[in-house]
Amino acid sequence: MVIYGVALLAFCYLTGVYLGDILGALLGVKANVGGVGFAMLFLIILSNKGIDAGWLDKKSQEGIAFWSAMYIPIVVAMSSIQNVAAALSGGAVAVLGGVLGIVLGFICIPLLSKLGGQKN
Amino acid sequence: MDLMAMLTKVLTKNGLIFAFVLIGLTNLIAYKMAGLTKGRIHGSAVAIFFGLVLAYIGHGAKGIASIPMFAGIGMMGGAMFRDFAIVSTAFGADLREIKKVGAVGVLSLVFGLVTSWIAGVAIAYMFGYRSPVDLCTIGAGVATFVVGPVTGAALGASSEVIAISIAAGVVKSVLVMIMTPFVAKMIGLNNPQSAMVFGGIMGTTSGTAAGMAAVDPKLVPYCAMTATFYTGSGCLTFPSIFYLLTKAIFG
């Protein structure tokens with residue numbers, strides 16, 4: 001059933017966020033540390049297990065796939081509730097930051113590809 | 001009988017449902033417009049840009065949700081649904097495939113996150129930002145437009161800084177889509193190995209998928225395989241390791 005997938009996703013989400021809160025408290029950051037990342041890791045491990053073992057059937061997987069497909073629309077909604085008016089005053093930061101980010105990235109790609117090629 | 005007032009009441013009372021319609025329409029228009037560019041710019045990038053335009057129209061701390069009738073979009077785009085949907089994108093990543101990516105994949109993720117952090121922090125510092133929270137949030141935004149707000153929310157950054165971080169991520173995503181076909185030859189982006197490195201370094205899923213598709217559609221799964229871990233790793237490391245690093249340097 002679709003709800004099984006949604007429930008598994010929700011379980012992973014809550015467990016990950018809870019763990020992130022605990023880690024944050026341990027680190028003294030007073031914030032959630034990597035909760036989303038932990039939740040993703042749980043979901044990868046549990047959904048792989050579920051598919052292999054057979055208890056996460058096609059219908060159940062659809063419950064997770066639906067939310068995965070809703071990711072971009074939700075990000076669109078998220079971007080529409082930001083304080084853009086205020087951010088525009090810092091627009092140059094965004095543009096230059098993005099530009100510098102991809103320039104550094106493009107420079108690194110040939111270096112790392114070579115590293116991988118040598119290993120193989 | 002005031003039909004307009006009744007409609008407004010229905011839309012306000014059912015805010016989240018109304019948000020589904022509005023965001024659906026926004027996506028429809030965005031993807032139609034992106035189609036006109038023949039796949040050079042991905043629909044998601046246009047849609048996110050439209051989202052930022054809507055936020056500007058709302059002209060408040062909560063963007064378009066500052067207008068009561070559109071408050072439901074605030075729920076749809078709020079932290080709960082956002083994080084829930086992000087977690088769901090991890091579904092489909094196969095552990096066996098991940099093991100095949102190996103050390104270079106992990107290394108490319110590390111390089112991608114570190115270069116984003118350097119770029120974001122350097123530019124933000126140049127523009128007068130000094131608090132470790134602001135610097136780290138903008139660096140996280142350069143990583144992707146998701147890592148930015150997640151980090152900002154975790155560290156308690158202001159909505160302004162979070163908006164800058166999203167904008168930086170959107171700029172990067174759009175640039176990756178546009179630039180990749182032009183630099184592909186120069187950086188040797190023509191085999192699975194370099195495609196995996198590309199995904200790990202650039203990270204932006206929509207950006208790399210669209211950029212890679214314009215170079216060679218067969219290489220898309222390879223870059224997606226590493227890119228899919230980027231946001232998760234970013235959400236894990238930016239509010240923790242990178243924040244502590246930023247605090248140690250600028251705190």
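Reader: Which residues is Gly234(B) in contact with, leaving aside its neighbours within four places in sequence?

Author: Contacts tell you what a residue sits against in the fold. This model is predicted, and here Gly234(B) is in contact with Leu113(B), Ala140(B), Ala143(B), Thr144(B), Val147(B) and Gly203(B). Gly234(B) itself belongs to helix 12 of chain B, residues 220-250.

Reader: Is Gly234(B) buried or exposed?

Author: Count the neighbours. A residue is buried if 20 or more other C-beta atoms lie within 10 Å of its own. Gly234(B) has 29 C-beta neighbours inside 10 Å, so it counts as buried.

Reader: How many Å separate the C-alpha atoms of Gly234(B) and Ala153(B)?

Author: Keep two distances apart in your mind: along the chain and through space. The two residues are 81 residues apart along the chain, and their C-alpha atoms are separated by 14 Å.

Reader: Ala140(B) and Ala143(B) were on that contact list. Where do they sit, and which residues of helix 7 of chain B are buried?

Author: Both are in helix 7 of chain B. Walk along that helix. Pro132(B), Val133(B), Asp134(B), Leu135(B), Cys136(B) and Thr137(B) are buried. So are Ile138(B), Gly139(B), Ala140(B), Gly141(B), Val142(B) and Ala143(B). With twelve of its twelve residues buried, helix 7 of chain B is largely enclosed by the rest of the structure.

Reader: What span should helix 7 of chain B have?

Author: Use the rise per residue. At 1.5 Å a residue, the twelve residues of this helix, 132-143, should span 16 Å. Its end C-alpha atoms are 16 Å apart, which agrees.

Reader: Now the whole of chain B. How many helices and strands does it have?

Author: List the elements before you look at the packing. Chain B has twelve helices and zero strands. Its radius of gyration is 19 Å, close to the 18 Å that the globule rule gives for 251 residues, so chain B is as compact as a globular protein of that length. Its C-alpha trace spans about 65 × 45 × 35 Å along the principal axes. Of its 251 residues, 59% are buried.

Reader: Which domains is chain B divided into?

Author: Read the bounds, then the contact. Domain 1 covers 3-77 and domain 2 covers 93-250. The contact takes ten residues from domain 1 of chain B and twelve residues from domain 2 of chain B. On the domain 1 side, the touching residues divide into six nonpolar, three polar and one charged. The C-alpha centres of the two domains lie 26 Å apart.

Reader: How many residues of chain B are in contact with chain A?

Author: Count both sides of an interface. Here 89 residues of chain B are in contact with 65 residues of chain A. The chain B side divides into 59 nonpolar, 24 polar and six charged residues.

Reader: What elements make up chain A?

Author: Chain A has six helices and zero strands. Of its 120 residues, 49% count as buried. Look at helix 4 of chain A, residues 71-79: nine of its nine residues are buried. Among them are Tyr71(A), Pro73(A) and Met78(A).

Reader: Which element of chain A has the lowest mean pLDDT?

Author: Check confidence before reading details. Where pLDDT is low, the predicted coordinates should not be read in detail. Helix 5 of chain A, residues 84-87, has the lowest mean pLDDT among the elements of the chain, at 68. Helix 3 of chain A, residues 58-69, has the highest, at 92. For chain A the mean pLDDT is 84, and 85% of its residues reach 70 or more.

Methods: Residues are numbered from 1 along each chain as its sequence is written. Chains are lettered from A and ligands numbered from 1 in the order in which they are written. This is a predicted model: local features need pLDDT of at least 70, side-chain atom pairs count only at pLDDT 80 or more; totals for chains, interfaces and linings use all residues. Helices (H or I, at least four residues) and strands (E, at least two) are DSSP runs, numbered from the N terminus. The expected span of a helix is 1.5 Å times one less than its number of residues. Two residues are in contact if their C-beta atoms, placed from the backbone, lie within 7 Å. Ala, Val, Leu, Ile, Met, Phe, Trp, Tyr, Cys and Pro count as nonpolar, Asp, Glu, Lys and Arg as charged, and the others, Gly among them, as polar. Domain bounds come from an automatic or database domain assignment. pLDDT is the predictor's confidence in each residue, from 0 to 100. The radius of gyration is taken over C-alpha atoms; the globule rule is 2.2 Å times the number of residues to the power 0.38.
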